[in-house]
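Let's take a walk through this one together, starting with the chain as a whole and then zooming in on a few spots. Keep the viewer open as you read.

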Amino acid sequence: MSVSNKALGVQSGGQLIMAKRKDRVPQRDYKTMNNVFFVLREVAKRDKIVLGIYFLHITFRLAFNFLGLFFLPEMVRLVEKGASWSIISRKVLFFAMGMLLTEVGARLANQLYQPRMSLLRMKVSQELDEMLLNIPYLQFEDTSEQNKFQNANTTISTPNGGLAGTFLYTFELISDTVTFFVYLFVSFYMNYFLFVLVIGSVITNYLFTEQTNKKNYQNKVKMSPYDRELTWLDKGITEDSHAKDIRMYDMLPWFQYRIERAFGAKRELHRKNLQNNLRLSFVNQILSVVSDAAIYGTLIKQVISGQSSLADFSLHFSIIHATFQRVNMIIQDVLKLQEYRLAMNDYRSLVEHNQKYIYPSKGVDAAFAPGPDTSVKIEFRDVSFCYPNAADNALSHISFTIEPGMRFSLVGENGAGKSTLIKLLCRLYTPTQGEIFINGRNYLEYDRESYQRLLSIVFQDVLTYGFMILENVAMRPENMTDKERVSKALSEVGIYTKIQSLAHKDQTYLVKRLNDQAVELSGGETQKLAISRALYKDAPIMVLDEPTAALDAFVEDQIYRSFAGMTRGKSTIFISHRLASTRFCDKIVVLKNGCIEGMGTHESLLKNCSLYAELYTMQTRGYV
C-alpha cells in the first residue's frame, strides 16, 4: 500500500516529523540560571573531569585571596605589638609559602582545564557541523538559518564566551559569592555606613552595565551578515578557482569596494559598542572615586580620633575594599552570564529545534540494504515542488517511470527544472505535492543511509578535495579504500595512465593551496575524476547532472556514451540542456518551465515534440 508524504510527515533525511515547507527555528528565551544548569549538565555529560579541575582552580584561588587579604594587617599588628624579628619572619614565610603553593596550584589546574575545555568545545562544534549537514536542504539554503548556525558556532568556538564563558563565570560567581559572604559579616560588623555605600554603588554599576551589555549584544548580532559577506569575499579573492576571473576582468577594485562597505558597516557597529563602553567606564570611574573617597575619609577619621589603630585601619580598609571589589565582581559575573545568556539562547533554540538531526533516526525501512546489483524502478507520480516564498512552482505535475536498467535522459533549457528534479530524487528536497516511489514504495520510507546507497551522482559543480587522488575517488580515507576498485574506475574514465605518470601515482595530493607537492588537474581530468567517483561507488542508480556543461558538445557526447557503456544494467539518468545524451537513451523527458513538454525516444520526440526538434536541429546545425 502506498503512503502519502502528508501521512508520513517526512522531511529529507528520513525523519518522521510534521512536514513544513519552511523549517524555521523559533527563538526561545531561557533564564540565566536555566542556562547555567544547562551548561553544567552539558559539560558533565561530556567530561566530568573538567568540573573537578576547575573546582580545584577556584579553591586555590580562594585560599590565595584570603592569604593576601590578611597578610598586611597581620604584619602591621605584629610591628605595633613589638614582635621579634624571628616571629615576623616565620609569619612572612608562612604567608609567602601559602601564597606560592596556592598560586602554583591554581595555575596548574588552569593549565589542565584549558586543553580539556578546548576539546569539549570542539566536540560540541562537530555536533553543530553534523546537524548542519543533516538538516533539510531547503533549510540549509536559507541564509537566515546559516546566520543562526554561524552565531551558534561562535557561541561554542569562543574560548571565553558562550558555552565556555558560561561555565567559567558560573564557577567565578560561586567563588566570588563564597568570598563575599565571608567578607560580608566582617564589613557589616565594622562599619554599617560603609557597607551601605558599597552596596549602593555596586547596584548602580550593575544597572548601567546590564543595559550596556544588551545594546552591545544587539549590535553583535547585526554584525553576523557582514561577517558572512567578508568570509565569502575573502574566499573569492584567495581561491584559485576565482583568481583568473579576478585578474582578467580587473575585479579587485570591486571586491575592495565590497570589503570596505562590509567593514564600514561593522566598524559603525563597533563604534556604537565603543561609545556604550566609554559611557559605562565613565560612570564606573565616578562611582569608584566617590566610594573610595568615602571609605578613605571615614577610616582615616577613625584613626585620628583614636577609635582604631593602624592595624585596625589596615584590616578595616582591606576588608571594606575587598567587600566592595567582591560585590562588584559578583555583579560583573552575573552580567557576563546574562550577556552569554543571549548567545546561549540562540544556540539552545537552534539545537533544541534541530536535535533530531544530530543523530538522525532510522526510517520505516531501516533494514533495507541495497547493493550494486539491486534492481531499481523509479516512479514520479504527479510531483510538484515550490520553493519557499516563491509565487510559482519550480516543477508542476511531473509523472514518469524509469524501469530497472533503463537509460533515461532529462533535457531542457536552463531553468527548466532539471536540477530541482534531481534534488527531489536525492531527497535533498521533498515534493510539495505528489509522491516518488522506489520499487513501489514511497521513497521517504527508506532510512537516509540506505537510500543514499542507491545513488551515485556527479553534480554540476565538480569539486576536488585536498586529499590523495585515490581518496578523491573513493571519498573515504586511504585505510578504508579499495585500491583495485580505484584503479578500475580511473581506467574506465580514461585517466589511469595520466595518474600513473605522476610521481606518487594515485597517492598524489590535490589542491596546491594545502600542499606544495600537490597537482592541479585540468578541467576535463577533474570531470573524469568526478565520474570515476560514481563508478567506484557502483550504486544501482547512476546520475550525471550536467557535469560536462563546460566542455564542448563532442567531448560531452563521448563522455556520455562512455558512461552509458560503463553503467550497463543500471538505471542511468543523464541531465543536460544540450542533447548529447539523448540518442542512445531508452526514454527522454523534455522539460519546459517546470512542466513536461514531451516524453519518448529520440525519434518519436523529433516527430511529436516541436521544442525538442527545434533544440536538436539548432544544436546539430551549430556543431556542423
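Start with how the chain folds back on itself: among contacts with a separation of 6 or more, 75% link residues 24 or more positions apart. The chain holds 21 helices and ten strands. Of its 624 residues, 46% are buried. The accessible surface adds up to about 31800 Å², and carbon and sulfur atoms own 59% of that.

Before going further, bear in mind that this is a predicted model. The mean pLDDT of the chain is 79, with 81% of residues at 70 or more. Confidence peaks in strand E1 (residues 378-385), with a mean of 95, and bottoms out in helix H1 (residues 5-8), with a mean of 42. Over residues 1-23 the pLDDT is below 50, although the model still gives this stretch 67 contacts beyond near neighbours in sequence. Where pLDDT is low, the coordinates shouldn't be read in detail.

Now for the strands. Is E8 enclosed by the rest of the structure or not, and why? Six of the six residues of strand E8 (residues 571-576) are buried, so the strand is largely enclosed by the rest of the structure. In a regular strand, side chains alternate between the two faces of the sheet. In E8, Ser-571, Ile-573 and Ile-575 point one way, while Thr-572, Phe-574 and Ser-576 point the other, and all of them are buried.

E8 has parallel partners to look at as well. Strand E3 (residues 407-411) pairs with E8 in the parallel sense over five bridges, and Leu-410 has Ile-575 as its bridge partner there. Strand E7 (residues 541-545) also pairs with E8 in the parallel sense, over five bridges. In that pairing, Val-543 sits opposite Ile-573.

There's an antiparallel arrangement to find too. Four strands make an open sheet in the order E2-E1-E4-E5, with antiparallel pairing. Its edge strands are E2 (395-402) and E5 (441-442), each of which pairs on one side only. At the E5 end, two bridges join E5 to strand E4 (residues 433-438), and Ile-438 stands opposite Arg-441.

Over among the helices, have a look at the second largest pocket, which has a volume of about 400 Å³. It is lined by 24 residues, and the closest to its centre are Thr-154, Tyr-217, Lys-220, Glu-339 and Ala-343. Helices H6 (143-157), H8 (192-222), H9 (224-238), H11 (252-304) and H12 (310-354) each give two or more residues to the lining.

Two residues on those helices are worth a stop. Lys-266 is in helix H11. Is this lysine buried or exposed? Its relative accessibility is 15%, so Lys-266 counts as buried, the cut-off being under 20%. Leaving aside residues up to four places away in sequence, Lys-266 touches Met-223, Tyr-226, Asp-227 and Leu-230.

Val-334 belongs to helix H12. With a relative accessible area of 25%, Val-334 is partly exposed. Again setting aside residues up to four places away in sequence, Val-334 touches Leu-173 and Tyr-206. For a link across the sequence, try Met-33: it lies 301 residues from Val-334 along the chain, yet their C-alpha atoms are separated by 9.8 Å.

Definitions and conventions. Residues numbered from 1 in each chain as written. Predicted model: local features only at pLDDT ≥ 70, side-chain atom pairs only at ≥ 80, totals over all residues. Heavy atoms only, no water. Buried < 20%, exposed > 50% of the residue type's maximum accessible area, 1.4 Å probe, protein only. Pairing = 2+ DSSP bridges. Contact = heavy atoms within 4.5 Å. Areas by Shrake-Rupley, 256 points an atom, 1.4 Å probe, with all protein chains shown as cover. pLDDT = per-residue confidence, 0-100. 1 Å grid on protein atoms, 1.4 Å probe; cavity = no way out; pocket = protein on both sides within 12 Å on 5 of 7 lines; lining within 4 Å. Points joined across faces, edges and corners; volume = space filled by probe spheres on them.
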